[in-house]
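User: I am new to this structure and would like to understand how its descriptive labels are reached. Could you take me through the reasoning step by step?

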Amino acid sequence: MTKTLFITGASSGIGAATARAAAANGWNVALFARSQDKIEALAAELGEGALALPGDVTRLDDLEKAVAATTEAFGGLDAAFANAGKGLDTPGTVEGDPEEWRRLVDINIMGVLYTARAALPALKTAKGHLVMTGSAAGRRHIPGSIYGATKWFVHGYAGNMADEMRDWGGRCTVIAPGMVDTAFFDEAKPDKLHPDDVADAVLHALNADPRNGVREIFLMPQS
Ligand SMILES: NC(=O)c1ccc[n+]([C@@H]2O[C@H](COP(=O)([O-])OP(=O)(O)OC[C@H]3O[C@@H](n4cnc5c(N)ncnc54)[C@H](OP(=O)(O)O)[C@@H]3O)[C@@H](O)[C@H]2O)c1
């Protein structure tokens, strides 16, 4: 039976590349992001196995409705990719903007928790897979990085969820990329990782034999 993947942050970068890779690999994909025009265009490109679900990861209600719409459309949910995230315009604890920190924490931490909360009941039914986008910045210290600290949360939570989900036959993976050439940065980074490289890593974890709980994939640009 065709498997179904729910993706947050599916409107661009890593999320959009993963949607294309998963669809090419035979998955149904449910595309969640705030940019309705972009996810509708991507769903139209991918065809009938794709569903556009506009919403905001800082709203649990949006995610619960989107997961319900996904299971309704495709008959279940096999995997969820908590990928939506943002960086900071102004780094630094003294120089930074506390209001921007709140938005960062809401998206990078609460958004991951809300995605997991909304998806877990359906994932449990399917003995499914939760994937999160961490970062190289979530596994090594970067001087003063508040963004990096939100990704340390993701890495810690993913490991804890992997241990919890194993008890009922589920799996949890954190993907930890170094710099990827996406809209995350204002300037192009053509010599860094391509979003397709990260999508490959997600598909590797999803397609691994059920005996193999891929806990973490760490990928860095060679340049
Ligand atoms: N690029 C890198 O070098 C790099 C490295 C390591 C990890 N990461 C992580 O990779 C993930 C994806 O980033 P990317 O590089 O692909 O950047 P991107 O192209 O800017 O994509 C970010 C995605 O997150 C979505 N998003 C942001 N806020 C949201 C919200 N409140 N609700 C729903 N969706 C929201 C955006 O969609 P809308 O704006 O349409 O909502 C967009 O689809 C992030 O978690 C980022 O921290 C990136």
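User: How do the residues of the shell around the ligand divide into nonpolar, polar and charged?

Analyst: In this predicted model, the shell divides into 13 nonpolar, 13 polar and three charged residues. The shell is made up of 29 residues, and Ser12, Arg34, Ser35, Tyr147 and Thr182 are the closest. Arg counts as charged, Tyr as nonpolar, and Ser and Thr fall in the polar class, so Arg34 is one of the charged residues, Tyr147 is one of the nonpolar ones, and Ser12, Ser35 and Thr182 are among the polar ones.

User: Which helices supply at least two residues of the shell around the ligand?

Analyst: Helix 1, covering residues 13-24, and helix 5, covering residues 146-166, each do so.

User: What makes the approach of Ser11 to the ligand a polar contact?

Analyst: The cut-off for a pair of N or O atoms is 3.5 Å, and a polar side-chain atom of Ser11 lies 2.7 Å from an oxygen atom of the ligand, so this pair qualifies as a polar contact. Backbone atoms take part as well: a polar one of Val57 is 2.9 Å from a nitrogen atom of the ligand, and a polar one of Val180 is 2.7 Å from an oxygen atom of the ligand. On its own the ligand has 880 Å² of accessible area, of which the protein covers 93%, and the space that the ligand takes is the largest pocket.

User: Why is Tyr157 called buried?

Analyst: Buried means under 20% relative accessible area, and Tyr157 has 17%, so the residue counts as buried. Tyr157 belongs to helix 5, and its C-alpha atom is 8.8 Å from that of Leu113, although the two residues are 44 apart in sequence.

User: Is Ile217 buried or exposed, and how do you know?

Analyst: The relative accessible area of Ile217 is 15%, and because this is under 20%, the residue is buried. Ile217 lies in strand 7, which spans residues 216-219, and its C-alpha atom is separated by 7.6 Å from that of Thr173, a residue 44 positions away along the chain.

User: What makes Lys127 an exposed residue?

Analyst: A residue is exposed when its relative accessible area is over 50%, and Lys127 reaches 56%, so Lys127 is placed in the exposed class. Lys127 is found in the loop between helix 4 (98-126) and strand 5 (129-133), and its phi is near 50°, a positive value in a residue other than glycine.

How values were computed
Residues numbered from 1 in each chain as written. Predicted model: local features only at pLDDT ≥ 70, side-chain atom pairs only at ≥ 80, totals over all residues. Heavy atoms only, no water. Near = heavy atom within 4 Å. Polar contact = N/O pair within 3.5 Å; in protein donor to acceptor, adjacent residues only side chain to side chain. Areas by Shrake-Rupley, 256 points an atom, 1.4 Å probe, with all protein chains shown as cover. 1 Å grid on protein atoms, 1.4 Å probe; cavity = no way out; pocket = protein on both sides within 12 Å on 5 of 7 lines; lining within 4 Å. Sits in = over half its atoms within 2 Å of the grid points. Helix = DSSP H or I, 4+ residues; strand = E, 2+ residues; numbered from the N terminus. Buried < 20%, exposed > 50% of the residue type's maximum accessible area, 1.4 Å probe, protein only.
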